[in-house]
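Hi everyone, thanks for coming. Today I'd like to walk you through the pockets of a structure that may be new to you, so please have a look at it first.

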Amino acid sequence: MYLALTLIAAFMAVTAAVRSPLHRRGAAVWFALGFPAFHFPGTLLSIGALVTLIAGLQGVFQSRVGLLSLLPAAIGAYALCVVKVRSHASGKAFERALEQTLGPDFRGNASQQVEDRISRNPFRLRRPGVTVSSDVSYGDAGIRNLLDVYQAVPEVRRAAPIFLWLHGGAWVMGHKKQQGIPLLYSLAQRGWLCVSMNYQLGPVSRFPASLIDVKRAIAWIQQHAPTYGGDPSFIIASGGSAGAHLAALAALTPNQPEYQPGFETVDTALAGAVPLYGRFDFIDRSGVVRHKDFLMDFLGTKVMPGLYADDPHSWDLASPIALVGERAPPMLVAHGTHDSLIPVGEAAAFVTALGAISKQPVVAASIVGAQHAWDLFNTPWTRHTVSAVHTFCEYLYDKRQPPA
């Protein structure tokens, strides 16, 4: 029994520590198997030690099979230690990326803000001093056009800059209350007005419906943010996975009337974007996707209005890498080297294309060992991400151009 447990635990730990050798659905299975070990290595190490102690007291290791079981137990423990060390080292990766692009004074105003005590409970996502106005309507698509507003109480500063979060979920699932919670609470606590939104999903609603919703939410912010103490002239969009894709698209398509039906005159330009583990190319120009046929079939039947062969132009319009330009706003692009669902090479190709033409900073943070959706819980991965995103956003706010 103990041998079976150690074999299963070791395999799950290893899937969290090494890159997936699989593709298509196999990569998703790899991601799911390693999910607990990736997010909670310390907890699982403690549980493993306790189980091993109990097994020893029960005489399990007096048999040859029992002794043999110590090998997978040791392998699993080592893999968990690797994941844990990498999670703490992720902060250095963010710092190097920020300093390399922004210079040694990148901390700016963020360094002057005292960090409050943060709970180390991985499931404690909310933080004190923040109030949430839930389920505010910004459009006519029912639950998919609702947003939540996070603000500090008492007010940290007047005319707070705005942080807009877009959830992930492969454009076909997800909800504003399921992702980005630690980031939203933390930034709100530090003086940002944070907005988390739902948007229309496939296969019922196809591109560009989701992008139009993002623009519509920005228009809502332009009109209503002052009521919540926000400054609508300074908005940074961010998101994870599909949300990162939409944040990048919104940043690269300011004030385009085809994406603003009925509110064409509203200024939807963003001050910056922070795409986390996002998809940037629907047709894999860089050749890094190992399951390209599967990906394009999924997009063609669930997300896009038609197959690529029938309308290639619309697929370019949905690919941020095809829309880069010199007027793109500053971006912090972060991706994990061990992402099983979207290869880090896709983010690298986007950063290269954008950095070659944009006149604004493009920060590229490659997070060693990080998996897809690394920021779901209150873990070192998330805490370092929160710190880096806050630092980047404060840097942009410090350097902002005064209104004309």
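**Two pockets and what lines them**

Let's begin with chemistry: sorted by class, the lining of the largest pocket holds 19 nonpolar, six polar and five charged residues. Please keep in mind that this is a predicted model.

How much space lies in that largest pocket? The computed value is about 960 Å³. Its lining is made up of 30 residues, and if you want to find the centre on your screen, look for Ala-269, Leu-270, Ala-271, Pro-329 and Pro-330, the closest ones to that point. Three elements each give two or more residues to this lining: strand S5 (230–240), helix H8 (242–252) and helix H12 (380–398). Which of them has the largest share? That is S5, with five residues.

Now let's move to the second largest pocket. Here the volume is about 710 Å³. There are 27 lining residues, and those nearest the centre are Ala-170, Met-173, Ser-241, Leu-341 and His-372. Two helices each supply two or more residues to this lining, namely H2 (25–39) and H9 (292–303). H2 gives the most, with four residues.

And what classes of residue do we find around this second largest pocket? The lining has 15 nonpolar, nine polar and three charged residues.

So, to recap for your notes: S5 gives the largest share of the lining in the largest pocket, while H2 gives the most in the second largest pocket. Thanks for listening, and I'm happy to go back to the structure with anyone who'd like another look.

Conventions. Residues numbered from 1 in each chain as written. Predicted model: local features only at pLDDT ≥ 70, side-chain atom pairs only at ≥ 80, totals over all residues. Heavy atoms only, no water. 1 Å grid on protein atoms, 1.4 Å probe; cavity = no way out; pocket = protein on both sides within 12 Å on 5 of 7 lines; lining within 4 Å. Points joined across faces, edges and corners; volume = space filled by probe spheres on them. Nonpolar A, V, L, I, M, F, W, Y, C, P; charged D, E, K, R; others polar.
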